[in-house]
2 protein chains.
Amino acid sequence: MTTMKDVAKHAGVSKATVSRVLNKKGYVSKEAEASVLKSIKELNYQPNSVARSLYHKTSGMIALVLPDISNPFFPELARAVEDVALAYGYTVVFCNTDEEIEKEKRYFEALQQKYVDGIILSTSSQAPDEYHKLDLPLVALDRFLGENIPTVVSENKRGGELATQHLLDNGCKNLAHLRGPEGVGPAEDRLEGFRKVVSKEKCSYTVRTAGFDMERAKQETYKLFQDKPDIDGIFAGSDITAAGALHALSTLGKKVPEEVKVIGFDGIPLGQMFVPGITTMEQSIYDMGALAARLLIKQIEKKPIENYIHEFPVHLVVRGTTEEVMT
Amino acid sequence: MTTMKDVAKHAGVSKATVSRVLNKKGYVSKEAEASVLKSIKELNYQPNSVARSLYHKTSGMIALVLPDISNPFFPELARAVEDVALAYGYTVVFCNTDEEIEKEKRYFEALQQKYVDGIILSTSSQAPDEYHKLDLPLVALDRFLGENIPTVVSENKRGGELATQHLLDNGCKNLAHLRGPEGVGPAEDRLEGFRKVVSKEKCSYTVRTAGFDMERAKQETYKLFQDKPDIDGIFAGSDITAAGALHALSTLGKKVPEEVKVIGFDGIPLGQMFVPGITTMEQSIYDMGALAARLLIKQIEKKPIENYIHEFPVHLVVRGTTEEVMT
DNA sequence: ATGAAAGCGCTAACAA
DNA sequence: TTGTTAGCGCTTTCAT
């Protein structure tokens with residue numbers, strides 16, 4: 001490996017001058033600069049970023065901590081984060097926590113030891129003050145972690161309302177909500193939206209917990225129809241949940257959307273691949289990830305942040321599971 | 001931040017002793033050790049891995065370079081890599097190249113400057129010798145990069161054969177293969193498998209390029225049936241491609257599997273979420289990722305590698321798009 | 001068994 | 001304008 005020392009010798013100057021050229025800092029004569037640049041080329045020199053990190057106590061890396069990249073909601077988020085990071089010259093480290101507090105702690109330790117410059121968090125196993133103790137730039141993505149941590153989320157409650165309303169607008173009388181995991185912010189908010197509408201409209205409804213997991217959603221749907229065979233509208237807490245429900249409905253011989261209508265949440269690509277397409281409340285997943293990354297980098301670069309809460313609107317995307325449309 | 005110096009002072013020993021305790025290397029008296037350990041606890045000291053990296057020229061990081069994490073084939077792979085990395089104490093950096101050579105080059109530079117210990121490559125934009133020049137432990141995953149680079153792939157050709165045979169076994173007479181991107185190893189191999197069977201069986205067939213992209217697959221399927229309305233069996237180069245084909249077929253009013261049978265490739269979760277489930281040649285995606293990570297770490301730790309080529313078997317998973325089964 | 005000191009590659013005062 | 005030097009935090013040889 002060529003080091004700065006080699007370049008300095010080759011160019012007949014001191015390391016300091018090489019450093020100045022590299023960082024365009026301080027005075028360097030035209031000749032010296034030219035000679036250094038030439039030596040860099042000839043020796044194919046690349047500055048060592050570890051040595052730089054040691055001095056600056058920064059690494060040019062940001063971490064993305066999420067529950068599980070194989071959950072289809074996250075890849076697009078991750079992609080967005082990485083795109084922005086690349087554009088600003090940062091590298092992304094990624095960490096799957098499975099929502100396990102132990103894993104999360106181990107990661108935080110490792111990340112700090114590596115001088116990562118900041119963390120985007122899409123999990124929330126820890127108590128909020130644990131996060132403050134980190135003393136690192138943080139952004140909460142799709143989760144709420146505390147007042148003074150910049151947060152990027154969707155209008156989940158409003159989405160819950162709109163989704164529920166959409167079922168009612170299409171003539172559903174007996175609703176079910178297959179809610180996401182308890183304790184997970186967005187799932188709670190969507191439920192709240194659902195509750196608000198059904199109570200206002202005074203319609204019959206039931207709520208079941210199905211996680212964000214297809215198999216579980218399937219089982220819950222079977223049970224649901226055992227208990228309440230007259231359900232005619234399902235608001236699933238995620239598109240994956242909706243897929244599970246559709247599976248069960250198909251096995252039960254229920255026609256969708258004629259007998260039962262189903263709406264999901266998220267707007268993951270899966271939804272439009274399905275036949276019929278899954279009606280859903282679409283989130284701006286990519287944009288959320290990109291904004292989170294930008295907010296993080298702003299903090300890292302000590303630029304001011306205007307708003308701490310960024311709520312993205314959600315959009316109803318009508319497909320075949322609630323209306324007979326051309327997909 | 002507490003450094004080793006602080007610990008040394010607090011414990012009344014030298015930095016060298018602290019280092020010895022930390023690394024369990026060299027002689028340290030019981031008393032000294034106890035005192036150091038105590039100080040570490042009290043000061044809540046964490047060794048600085050950047051400083052370590054600088055000395056050792058290793059970082060404890062491995063990179064995963066892939067075309068696009070939001071392609072559903074990759075998240076599970078990534079997850080596997082990360083799980084293994086975590087188990088061995090490594091951190092994973094991930095890089096989306098979009099198969100662009102420029103991006104790939106930029107990443108390689110950045111990664112080398114950061115002393116990443118090795119790279120898992122699921123792309124292949126560069127010429128093989130470019131990779132050798134890197135002089136870093138490498139593993140090729142789902143791609144072939146050269147003789148002396150450990151490689152983890154599926155039996156794509158065999159999979160192509162089995163998939164094609166499955167269609168024939170189910171009575172298909174006019175086959176189409178919606179092949180993956182040209183120049184991409186696995187896509188070529190699957191095609192080869194297809195060719196082998198159709199030519200042996202002397203059945204009528206056609207081949208169209210559909211990439212690994214759902215929208216394109218849809219369009220190609222429309223065109224396909226315009227040209228050849230009597231196609232009754234489609235071997236799609238990936239499950240995503242299959243999803244696109246199914247979409248088109250649904251719009252065209254073709255009944256699946258009665259009039260047209262469809263088989264995909266990959267075994268991504270999407271396939272079983274579909275109604276009807278997508279018949280597919282399943283790859284052991286997670287296991288492949290995990291093995292690739294283990295092979296990489298073996299190289300990093302200078303342990304001997306027995307086999308350079310690891311071909312994973314593929315499995316036919318029959319679902320509703322080729323046979324009328326209960327899903 | 002332990003410490004002093006040099007060095008990993010780079011940056012930034014401070015002199016000159 | 002340039003070089004010398006100390007130092008980022010850690011490891012390791014070499015004395016002692």
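This is a short tour of two protein chains and a DNA strand, stop by stop.

Before you click, note that the model is predicted: local features need pLDDT of at least 70, side-chain atom pairs count only at pLDDT 80 or more, and totals for chains, interfaces and linings use all residues. Residues are numbered from 1 along each chain as its sequence is written, chains are lettered from A and ligands numbered from 1 in the order in which they are written, and side-chain values use heavy atoms, with hydrogens and water left out.

**Stop 1: the two copies.** Select chains A and B. A turn of 180° with a shift of 0.0 Å along the axis lays chain A on chain B with an RMSD of 0.1 Å (a least-squares fit on C-alpha atoms of residues with pLDDT of at least 70 in both). The two copies are thus related as by a two-fold rotation axis. To find that axis from chain A, go to A:Val93: its C-alpha is the nearest one, 2.2 Å away.

**Stop 2: where they meet.** Now show the contact (heavy atoms within 4.5 Å), which takes 52 residues from chain A and 51 residues from chain B. Chains A and B bury about 4600 Å² between them, 60% of it on carbon and sulfur atoms (buried area is the accessible area, 1.4 Å probe, lost on putting the two parts together, summed over both). Pick A:Arg79, A:Phe94 and A:Met273, which supply 15% of the area that chain A buries against chain B, more than any other three residues.

Stay on A:Arg79 and add B:Asp98: their side chains meet in a salt bridge, 2.6 Å from N to O. The interface has four salt bridges by the rule (a side-chain nitrogen of Lys or Arg within 4 Å of a carboxyl oxygen of Asp or Glu).

**Stop 3: DNA strand C.** Select the 28 residues around DNA strand C (a heavy atom within 4 Å of it); A:Met4, A:Tyr45, B:Arg20, B:Tyr27 and B:Ser29 come nearest. Of the strand's atoms within 4 Å of the protein, 68% belong to sugar or phosphate and the rest to bases.

Zoom in on A:Tyr45, where a polar side-chain atom lies 2.4 Å from a phosphate oxygen of DNA strand C. Next, A:Arg52 has a side-chain N or O atom 2.6 Å from a phosphate oxygen of the strand. At A:Tyr55, a polar side-chain atom sits 3.2 Å from a sugar or linking oxygen of DNA strand C.

Definitions and conventions:
A polar contact is a pair of N or O atoms within 3.5 Å; within protein, one must be able to donate a hydrogen and the other to accept it, and residues adjacent in sequence count only if both atoms are side-chain atoms.
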